[in-house]
Amino acid sequence: MPDADDKLSAAFDAPSTKRISVLGLGYVGLPVAGALASRGFEVIGVDVAQRIVDVINAGKIHIVEPDLDMVVQAAVSAGRLRATIKPEPSDAFIIAVPTPFTGDHQPDISYVKTATQMIAPLLRKGNLVILESTSPVGTTEQICSWLAELRPDLVMPEVEREDADIHIAHCPERVLPGSVLRELVDNDRIIGGISPLCATHAVALYRTFVRGEMHLTNARTAELAKLVENAYRDVNIAFANELSIICDRLSVNVWDLIDLANKHPRVNILSPGPGVGGHCIAVDPWFIIAAAPDSTPVIRAARDVNDGKPEMVFAKVKAAAERLRSPVIACLGLSYKADIDDLRESPALHIVERLAREQVGELLVVEPNIKQLPASLSQTSNIRLVELREALPAADIVLLLVDHRQFKRIDRDLLKPKITIDTRGIWR
Ligand code: SAJ
């Protein structure tokens with residue numbers, strides 16, 4: 001006799017009859033949509049941007065992520081992935097929309113609310129609603145409340161309630177940009193149901209493409225677990241960044257120092273850099289701070305250290321430039337980390353914006369993953385996006401901001417006559 005869990009898995013094992021809508025076709029939603037389509041589901045990808053919808057329906061992608069283009073192209077040409085700006089009735093809805101913060105670091109879950117409002121009229125008995133977006137604690141419960149208001153005809157889940165019409169869970173994404181397709185399949189997943197039954201339904205869906213283990217819990221714990229993972233990394237990077245500041249003062253090479261300290265069997269210090277960027281680690285700790293402002297001094301200090309780092313790099317470059325008559329500065333990298341095109345919260349971008357604003361010399365920007373400078377840089381006259389082969393010979397100062405593959409291969413002899421500021425320690 002199959003147990004309840006097997007029966008639920010079986011319900012999702014008939015892919016040709018199952019339709020899933022993924023709301024938000026960004027760095028998380030698009031790979032999830034591709035993975036589900038490749039498992040045979042009919043996937044409707046929903047995004048508010050018509051441009052993104054058109055690109056995906058043409059079998060292409062709008063972001064840089066290894067192998068994702070092939071997955072999406074195959075899914076679209078097989079007729080299993082279709083993008084649209086309006087959700088359609090489905091068996092499951094996965095919400096993967098942005099959860100940014102406001103100017104004063106308060107979480108903004110308005111995109112989650114909009115997505116919830118979009119799917120509410122389409123919901124049918126038995127539907128599964130999953131929140132993948134990293135969210136403040138209580139957001140999944142909030143989705144339940146919104147849906148209960150919008151659809152009083154349907155029974156929404158509660159902790160102790162096993163007869164709900166709709167199943168709602170939080171399954172936070174944990175994929176690392178640059179390795180998304182591998183991590184989407186291999187990583188363990190935390191599955192936080194509003195009720196245990198909701199979690200079981202979500203597991204049945206994720207089991208169709210996840211090889212990692214599923215860890216069941218409630219929605220609140222899943223929400224906090226995801227925030228804590230990123231806050232943990234932020235605190236550890238802050239420690240490395242603080243060491244780099246101390247080492248500058250004490251004339252010690254921070255990279256050598258960390259290599260040596262890491263020889264200890266229980267020490268594993270991360271790498272300092274120009275700051276912490278991206279839409280996750282630089283953002284998520286604030287959701288914890290906002291929820292418990294008086295009880296988060298460590299998490300808060302880490303944010304301050306990491307956010308202060310770009311200004312220090314800027315000051316270093318400015319000081320070097322002031323020693324030259326008309327300095328040409330090659331700025332290598334704009335994205336928030338290596339080998340991706342994502343500029344969100346990028347410390348490299350902040351540093352270059354600051355250099356441009358303060359007119360610190362002529363800036364030659366090299367960023368192999370973008371085709372044009374972002375709007376924040378395209379307004380000033382002292383800056384151009386160029387190829388590495390043009391920037392290097394012309395530069396007096398070479399400022400390494402992102403450890404892209406291309407920059408690691410630079411012939412060190414070419415750098416010898418230059419002032420180099422290597423924020424990632426790749427040329428030591
Ligand atoms: N960084 C350093 N030093 C390091 C490691 C990273 O300065 O030693 C910087 C990077 O250059 C970058 C930032 O930190 O600016 C964040 O990069 P990352 O590679 O640490 O992480 P993300 O933001 O790309 O992805 C993180 C991951 N979380 C964890 O590793 C705990 C990923 O698994 C999450 O799914 C993702 O956030 C997310 O979406 O939340």
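Let me begin with strand E6 (residues 167-170), which is joined to strand E7 by 2 bridges, the two strands running antiparallel; strands and helices here are DSSP runs, numbered from the N terminus, with at least two residues for a strand (E) and at least four for a helix (H or I). Two strands are said to pair if DSSP finds at least two bridges between them. Before going on, I should say that this is a predicted model, in which local features need pLDDT of at least 70 and side-chain atom pairs count only at pLDDT 80 or more, while totals for chains, interfaces and linings use all residues. Residues are numbered from 1 along each chain as its sequence is written, and side-chain values use heavy atoms, with hydrogens and water left out.

Back to the strands. Ala169 stands opposite Gly193 in E7, and E7 is also joined to strand E8 (residues 214-218), this time by 5 bridges and in a parallel arrangement. Within E8, Thr217 is the bridge partner of Gly192. Between these two strands the chain passes from E7 through helix H8 (residues 196-206) to E8, a β-α-β crossover that is right-handed, meaning that, with the strands pointing away from the viewer, the path from the first strand over the helix to the second runs clockwise.

Is strand E7 mostly covered or mostly exposed? Strand E7 (residues 189-193) is mostly covered, with 5 of its 5 residues buried, where buried means under 20% relative accessible area, exposed over 50%, and partly exposed in between, using a 1.4 Å probe and protein chains only. Both faces take part, since Arg189, Ile191 and Gly193 are buried on one side and Ile190 and Gly192 on the other.

I turn now to charged pairs. A search of the whole structure finds 27 salt bridges, each being a side-chain nitrogen of Lys or Arg within 4 Å of a carboxyl oxygen of Asp or Glu. One of them joins Arg19 and Glu88, whose closest N and O atoms are 3.6 Å apart. Arg19 lies in strand E1 (residues 19-23) and Glu88 in the loop between strand E3 (81-84) and strand E4 (92-95), so this pair ties together parts that are 69 residues apart in sequence.

Another salt bridge, at 3.8 Å from N to O, is formed by Arg82 and Glu42; Arg82 belongs to strand E3 and Glu42 to strand E2 (residues 42-46), 40 residues apart. Arg82 is partly exposed, at 34% relative accessibility, and Glu42 is likewise partly exposed, at 29%. Arg19, Glu42, Arg82 and Glu88 are linked in a network of salt bridges.
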